[in-house]
Amino acid sequence: MLLHPRAAGVRKLFDQATSKVELISVEAQPDAQAVVVTWRLEGRVNLPFKPKIKPYVVTTTLGVDPATGLINSQVDEFSVPGWDLLLSILLGEGFGAKPAPPVEELRAAAAAGGGKAAAAKGSRR
């Protein structure tokens with residue numbers, strides 16, 4: 001039940017016609033009882049002037065309850081800090097961290113690195 005309101009909020013934030021999420025990798029980590037999903041997001045934000053948000057990578061770690069096998073936690077790590085994303089909306093992509101490379105490059109890096117993508121080391125939510 002918690003996923004639906006969050007997904008609805010994200011849907012409202014991003015312009016659905018111009019935004020996309022691209023899967024980079026999915027890695028099961030049985031020892032850590034987790035699944036790590038790495039993905040790339042780009043597009044425009046639903047503000048009156050439809051600003052473009054620079055492409056960025058998110059690494060989502062889903063904790064798995066060993067007793068039930070169900071997901072019991074989620075931690076998102078962004079490749080770009082939130083303040084950088086906000087300023088890039090206002091000032092353009094040329095500000096702050098570089099935009100994430102195309103998904104094909106990220107997938108190739110993930111495959112070469114044993115499933116680990118060009119990782120997100122930024123802010124957490």
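Which residues make the nonpolar surface patch of about 530 Å²? The views below start from that patch and move through the rest of the structure.

**View 1. Leu47, Phe49, Leu86, Leu90 and Leu91 make a nonpolar patch on the surface.** This is a predicted model, where local features need pLDDT of at least 70, side-chain atom pairs count only at pLDDT 80 or more, and totals for chains, interfaces and linings use all residues. Residues are numbered from 1 along each chain as its sequence is written, and side-chain values use heavy atoms, with hydrogens and water left out. The patch comes to about 530 Å². To belong to a patch, a residue needs over 30% relative accessible area and no salt bridge; like charges are joined within 9 Å, and nonpolar side chains (Val, Leu, Ile, Met, Phe, Trp, Tyr) within 5 Å. Accessible areas come from the Shrake-Rupley method with a 1.4 Å probe, and for residues only the protein chains shown count as cover. Look for Phe49 in the loop between β2 (34–44) and β3 (52–64). Phe49 counts as exposed because its relative accessibility is 53%, and the cut-offs are under 20% relative accessible area for buried, over 50% for exposed, and partly exposed in between (1.4 Å probe, protein chains only).

**View 2. Lys20, Glu22, Arg40 and Glu42 are joined into one network by salt bridges that share partners.** A salt bridge here is a side-chain nitrogen of Lys or Arg within 4 Å of a carboxyl oxygen of Asp or Glu, and the structure holds five of them. Start at Lys20, whose side chain meets that of Glu22 at 3.6 Å, N to O. Lys20 is partly exposed at 41% relative accessible area, while Glu22 is buried at 15%. Glu22 also pairs with Arg40, with the closest N and O atoms 3.0 Å apart. Glu22 sits in strand β1 (residues 20–29) and Arg40 in strand β2, so this pair ties together parts that are 18 residues apart in sequence. Arg40 is buried, with a relative accessible area of 5%, and its side chain meets Glu42 in another salt bridge (2.5 Å, N to O). Glu42 is buried too, at 18%.

**View 3. Helix α2 (residues 82–91) has Asp84, Leu85, Ser88 and Ile89 as its buried residues.** They cover an arc of only 140° around the axis, which puts them on the same side of α2; the arc is that of the directions from the helix axis to the C-beta atoms. An α-helix has 3.6 residues a turn, so residues three or four places apart point the same way. The buried residues of α2 pack against β3, where contact means heavy atoms within 4.5 Å. On the other side of α2, you'll find Trp83, Leu86, Leu90 and Leu91 exposed.

**View 4. Pro81 lies in the loop between β4 (71–78) and α2, and Gly92 follows α2.** Pro81 counts as partly exposed because its relative accessibility is 23%. Pro81 and Gly96 are 15 residues apart in sequence, with their C-alpha atoms 9.5 Å apart in space. Gly92 has a positive phi, near 100°.

**View 5. Stepping back, the protein has three helices and four strands.** Helices (H or I, at least four residues) and strands (E, at least two) are DSSP runs, numbered from the N terminus. Along the sequence, the pattern reads α-β-β-β-β-α-α. Of the 125 residues, 34% are buried.
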